[in-house]
There are 2 protein chains.
Amino acid sequence: MGFKTIDEANEAVVQRMISTQPTLIDVVPAKSVIPELNDENTKTLLHAGPPIRFDQMSDPMQGSCVGAVLFEKWADNEEDARKMLENDEIRFVPFHHVNGVGPMGGITSANFPVLVVKDTSNETEKNTAYCTLNEGIGAVLRFGAFGPQVIERLEWQRDVLGPVLSKALRQIDGGMNVNGAIARAIAMGDEFHQRNIAASYAFLRDLAPIITALEDVEQKDKEDVIQFLADTDQFFLNVAMAAGKVMTDTARNEIQSGTIVTAMCRNGHEFGIRIAGMGDEWFTGPVNTPQGLYFTGFSEEDANPDMGDSAITETIGVGGMAMIAAPAVTRFVGTGGFNDALETSNDMAEITIAENPNWIIPTWNFRGAPTGIDARLVVETGILPVINTGIANKVAGRGQIGAGTVTPPMEAFEKAITAYAKKLGMK
Amino acid sequence: MGFKTIDEANEAVVQRMISTQPTLIDVVPAKSVIPELNDENTKTLLHAGPPIRFDQMSDPMQGSCVGAVLFEKWADNEEDARKMLENDEIRFVPFHHVNGVGPMGGITSANFPVLVVKDTSNETEKNTAYCTLNEGIGAVLRFGAFGPQVIERLEWQRDVLGPVLSKALRQIDGGMNVNGAIARAIAMGDEFHQRNIAASYAFLRDLAPIITALEDVEQKDKEDVIQFLADTDQFFLNVAMAAGKVMTDTARNEIQSGTIVTAMCRNGHEFGIRIAGMGDEWFTGPVNTPQGLYFTGFSEEDANPDMGDSAITETIGVGGMAMIAAPAVTRFVGTGGFNDALETSNDMAEITIAENPNWIIPTWNFRGAPTGIDARLVVETGILPVINTGIANKVAGRGQIGAGTVTPPMEAFEKAITAYAKKLGMK
């Protein structure tokens, strides 16, 4: 394995995660960078989480699939779309398998615009990750909505938002430094899963002057793009997710040793993790349902089981791991006050092996984000990673009904450790 | 006095400060709202702090005066400008005396654009306060610079920035709610004196869509204004200052009783405070020189004594009072880590009588900003308000050389209490 001990391998993996330079360089059509979406013979949808069949998907995720089929004009009504999906006319591929991540359902098809985040510290070909654009709140595809306004917004993102952001980002020499963006906003109360408001404001602050000055964009499109960015407090979540994907993939592509968690994701059915020493293999267990605060009129009975690739943020040490950076989130997710946030991050320090010196948390007395979950420590201590998450209505298209925290199943970590021990020839 | 006890009066004053609704409604030429600046017979400059003569002013403040004279074209070179100033051809009026406040030197003349913040909870005529626009950093008038680029920037602010902001603000129905803006950004690491980055980003976020869509503004002016706002992390300081002025003036205009501090300001020579029970009277003592961290190559020997009206932020419970909201500031001003920030705000709670429920600080376990400094408590406890401040080079025009904290002279509080006791007929 090239390392004398698991600890040494783990340290190398975490340091490689930390030393990546995720850089947002462009927004492009998904099919232009993901060959699986550009296959004339096989209609393909990407989805969040580990592999899953259509019939296993929860209602919101199935709704998202219907929406994507309508968006791609593979069918022109829900009934026909569902038939295609049920009759196996569509291939499903985990977004994680094609260098990307998607929030909630994560359903993504050929013509979705995707953020392109490149690790500029990495000269190999495997140095880029993708994520869809945030759709805002309300009726959105990622929560399973597929009505006309959802499809129209996706068309606008495809035709206007994506191309305008692409033009603007390409004006930034060397691209937008995501490490720097996270460093700035982690001192402004963001933890980059539940709360991205500072980073999203900063993103607009960085891009608004450029967008305003673009010469080959219609005035109305400039106005609409700037208004959309101003209205979308979670816009940066998807940037952070793509950054998380490239950080973890850079590390796991270079080092296939040790027990550091390199992916955590959920498909509404199973929670999957990867560890560096086991490469592409998924270790899964049944997903939990988030615990938290519900919007008026909703309760846990209405909640969909946990889904989405957004737990990539916790995988890189932010989200619930960095709860102390965003004490305002604790009230939103129903986990108490400042001291509860502190306790959460202190707990997370028990199962991580490093602090990211790029992401200093002033409210944690200037400690760095707790990074590098060691699956062994999770099993040994019984402390599970805390994931901040939105809660989806279990009925497709009804959107977000609350926010809370969720933990992975311990089973996934146990399976990963057992498999790695076996690989190393331990009994 | 209408109150049975000083405590009762103090409570009323603080509650009136808290119940104001400071609303940013416009940006206008100073002379259009401040009659003292529109007097054909008397050239007038406003300045920060309690009353002061030109010959008492420190070099940066005198430099600012030269700049204002050049900006108004009362003279066309420094020598002539200084002659006018030294020969008493210019009348000096404290900005505080004309419903406004100015940062650092605070020097303001007829054609400066000023922010207009109105207390919309207040139907009287005395419901509005003013503050100049932030000039950004580097060579700026408020630190005493008066070179061509300083004057050109002021001309641009007069001709472009002011009018564009005016048009944009007037598009917001009812104006921009400053309480809401502070509430949002106090959860994002701002304390509104040393750190206004979140509020400034949010300000841009609120205005960029409007500015982009303005129909009667040149494209280049839109670009320049959006770029300036994007580059000016302290832009919101001046908004917070005007809000502070209207909050304190509303309270002290309605209630002339008690020992709550209604103004704190410095002119580089004297530190002045007002208390509600003594109306317009200033109680002064010699200013201190800030303690803090200096930029490379500078030391305390280079520092100008404390100046500026910006301590109005501490007067309303933010700035150094709310240090815990902005632990990142503690590193910048050299006052240690998270626990030092906590200790500072806990100390400030000892000399204030309320917490502002509008401005909840998540990092202070969701307590409100410590508001309403009781001059009696300052004298009794010996705890002085902590003011976060920039440190100016004592040579005009060399700008900011560091950042730190400063305290008022105890003498000012003692004098105020003594005078009020005398007024009440106590011995």
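**Figure 1. Phe366(A) is a buried residue, with a relative accessible area of 13%.** Welcome to the first close-up of this predicted model. Phe366(A) sits in the loop that runs between β13 (352–361) and β14 (367–373) of chain A. Have a look at the backbone here: phi of Phe366(A) is positive, about 70°, although the residue is not a glycine.

**Figure 2. Asn99(B) and Val98(B) share the loop between β3 and β4 of chain B.** The strands on either side of Asn99(B) are β3 (90–94) and β4 (100–101). Asn99(B) is not a glycine, yet its phi is positive at about 65°. With a relative accessibility of 37%, Asn99(B) counts as partly exposed. Val98(B), by comparison, has a relative accessibility of 4% and counts as buried. Beyond its neighbours within four places in sequence, Val98(B) makes contact with Ile34(B), Glu36(B), Leu46(B), Val93(B) and Tyr130(B). Tyr130(B) is worth a second glance: 32 residues separate it from Val98(B) in sequence, while their C-alpha atoms are 8.7 Å apart in space.

**Figure 3. Ser109(A) is buried at 0% relative accessibility.** You will find Ser109(A) in the loop linking β4 (100–101) to β5 (113–119) in chain A. Who surrounds this serine? Setting aside residues within four places in sequence, the contacts of Ser109(A) are Ala30(A), Leu37(A), Thr44(A), Leu45(A), Ala68(A), Phe71(A), Glu72(A) and Trp74(A).

**Figure 4. Thr232(B) lies in the loop between α8 (219–231) and α9 (235–254) of chain B.** Thr232(B) counts as buried, since its relative accessibility of 4% falls under 20%. A polar atom of the Thr232(B) side chain is 2.6 Å from the backbone oxygen of Phe228(B). Once neighbours within four places in sequence are left out, Thr232(B) is in contact with Asn134(B), Gly136(B) and Ser200(B).

**Figure 5. Helix α5 of chain A bends by about 45° at Gln157(A).** This helix covers residues 148–169, 22 residues in total. From its first C-alpha to its last, α5(A) reaches 29 Å, close to the 32 Å expected at 1.5 Å a residue.

**Figure 6. Ile273(A) and Ile273(B) have the most contacts inside the largest nonpolar core.** That core holds 203 residues. The view focuses on Ile273(B), and residues up to four places away in sequence are not counted among its contacts. Ile273(B) touches Val261(B), Ala263(B) and Met264(B), together with Glu281(B), Trp282(B) and Phe283(B). Ala412(B), Phe413(B) and Ala416(B) complete the set of residues that Ile273(B) touches.

**Figure 7. Chain A is superposed on chain B by a rotation of 180° with 0.0 Å of shift along its axis.** The RMSD of this superposition is 0.0 Å. This is the relation of a two-fold axis. Which residue of chain A comes closest to the rotation axis? Met188(A) does, with its C-alpha at 2.1 Å. Finally, look at how the chains meet: 100% of the interface residues of chain A are also interface residues in chain B, so the copies come together through the same surface.

Terms used. Residues numbered from 1 in each chain as written. Chains lettered and ligands numbered in written order. Predicted model: local features only at pLDDT ≥ 70, side-chain atom pairs only at ≥ 80, totals over all residues. Heavy atoms only, no water. Core = buried A, V, L, I, M, F, W, Y, C linked by side-chain atoms within 4.5 Å. Buried < 20%, exposed > 50% of the residue type's maximum accessible area, 1.4 Å probe, protein only. Contact = heavy atoms within 4.5 Å. Helix = DSSP H or I, 4+ residues; strand = E, 2+ residues; numbered from the N terminus. Polar contact = N/O pair within 3.5 Å; in protein donor to acceptor, adjacent residues only side chain to side chain. Expected span 1.5 Å × (residues − 1). Bend = angle between axes of the 7 residues up to and from the residue. Least-squares fit on C-alpha atoms with pLDDT ≥ 70 in both.
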